[in-house]
Amino acid sequence: MNFVKPKKYLGQHFLTDKNVAKKITESLKPITKNVLEIGPGTGILTSFLLKKKYNLILVEIDDESVAFLINSLLVDEKIIIKKDFLKLDLSAIFSGNNFSIIGNFPYNISSQILFKIIENKQLVSDMCGMFQLEVAKRICEKPGTKVYGILSVLTQAYFETNFLFTVSKNLFYPAPNVESAVISLKRRENFYLKCNELLFFRVVKLSFQQRRKKVRNSLKTLNLSNNLREDAIFDKRPEQLSVNDFIKLTCSIENDI
């Protein structure tokens with residue numbers, strides 16, 4: 001087999017430029033030797049990763065891609081997990097040890113991949129991946145703009161984000177309708193929040209559900225005391241609050257309810 005037919009239902013858009021592929025793999029700065037590639041497809045990133053002395057595991061759901069990796073790239077079948085990444089138990093892959101993630105992520109599930117990384121932040125030390133340009137911007141954006149939102153706050157609470165470079169849609173087969181960008185994440189040394197994590201997620205999501213309103217109005221459903229609601233932070237809109245502001249806000253709410 002020397003060809004893989006891209007499947008729309010899997011969101012497959014295969015990168016075709018080897019220079020960009022090399023640049024992506026060189027941008028990964030793994031803290032350990034454990035590296036997990038999500039959706040290798042035709043193996044353009046894999047071919048560079050195999051040259052490095054990584055403890056490499058590939059997660060690929062597409063039978064045709066798996067056959068191509070084995071027959072054309074001579075990838076050892078033992079390092080391929082044929083499953084849906086979103087359903088994987090990540091603690092079982094590297095025996096509970098930390099690992100890095102890399103990939104040209106399917107855009108239809110890229111946000112879900114990011115949330116799974118956040119959910120498993122105790123295992124994922126860093127990541128380098130390709131996202132739709134607008135999603136990449138949202139992940140890395142700082143407070144004070146319309147782009148800054150839920151993805152920005154929840155990701156930056158646990159990881160340092162770095163917008164690396166854009167990739168033209170003409171460098172994919174088939175070409176997507178959007179431009180792409182590569183970003184990297186590096187887990188913060190102190191990534192445990194100083195507040196109730198579930199409440200933090202709830203506060204962030206409620207706040208941005210009505211992003212044009214002041215936080216006071218967005219958080220009405222929490223039935224906060226009038227005393228707390230008089231705090232000046234409640235006069236701000238969510239995009240004006242930094243990650244630390246949201247942590248402080250969550251701590252205040254936690255003590256109030």
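Begin by selecting L228, which lies in helix α9, residues 226-229. The model on display is a predicted one. With a relative accessible area of 12%, L228 is buried, because buried means under 20%. Display the surroundings of L228 next: leaving aside neighbours within four places in sequence, L228 is in contact with F234, S252, I253 and D256. For D256, a distance label is useful: the C-alpha atoms of L228 and D256 are separated by 7.4 Å, although the two residues are 28 residues apart along the chain.

From D256, extend the selection to helix α10, residues 243-256, and add helix α7, residues 197-209. Two packed helices are described by the angle between their axes and the distance between the axes. Here α7 and α10 pack at an angle of about 110 degrees, and their axes are 9 Å apart. That angle makes α7 roughly perpendicular to α10, because the range for this class is 65 to 115 degrees. The crossing in which α7 passes α10 is right-handed.

Show the side chains at this contact. On the α7 side, select L199, F200, V203, V204, S207 and F208; on the α10 side, select V243, F246, I247, L249, T250, I253 and E254. By class, the contact of α7 with α10 comprises ten nonpolar, two polar and one charged residues. I253 links this stop to the previous one, since I253 is among the α10 residues that meet α7 and is also among the contacts of L228.

Move next to the loop between β9 (180-187) and α7, and select E189. Is E189 buried or exposed? Its relative accessibility is 78%, so E189 counts as exposed, the threshold being over 50%. Add S125 to the selection: E189 and S125 are 64 residues apart in sequence, and their C-alpha atoms are 9.6 Å apart in space.

Continue to P174, in the loop between β8 (172-173) and β9. Select Y173 together with P174 and inspect the peptide bond that joins them: this bond is cis, with omega about -10 degrees.

The next selection is S65, placed in helix α3, residues 63-71. At 0% relative accessibility, S65 counts as buried. Which side chain forms a polar contact with that of S65? The partner is D62, at 2.8 Å. Beyond its neighbours within four places in sequence, S65 is in contact with V4, Q12, F14, G41 and E60. Displaying these residues as sticks shows the setting of S65.

Two backbone features close the tour. Select L74, found in the loop between α3 and β4 (80-81). What is the sign of phi at L74? Phi of L74 is positive, about 60 degrees, although L74 is not a glycine. With 70% relative accessibility, L74 counts as exposed.

Finally, select S95, in the loop between β4 and β5 (99-104). Phi of S95 is near 55 degrees, a positive value in a residue other than glycine. At 66% relative accessibility, S95 counts as exposed.

How values were computed. Residues numbered from 1 in each chain as written. Predicted model: local features only at pLDDT ≥ 70, side-chain atom pairs only at ≥ 80, totals over all residues. Heavy atoms only, no water. Axes fitted to C-alpha atoms, helices over the stretch in contact; angles between N-to-C directions. Helix = DSSP H or I, 4+ residues; strand = E, 2+ residues; numbered from the N terminus. Parallel < 35°, antiparallel > 145°, perpendicular 65-115°, else oblique. Left-handed = near helix turned anticlockwise from the far one by under 90°. Contact = heavy atoms within 4.5 Å. Nonpolar A, V, L, I, M, F, W, Y, C, P; charged D, E, K, R; others polar. Buried < 20%, exposed > 50% of the residue type's maximum accessible area, 1.4 Å probe, protein only. Polar contact = N/O pair within 3.5 Å; in protein donor to acceptor, adjacent residues only side chain to side chain.
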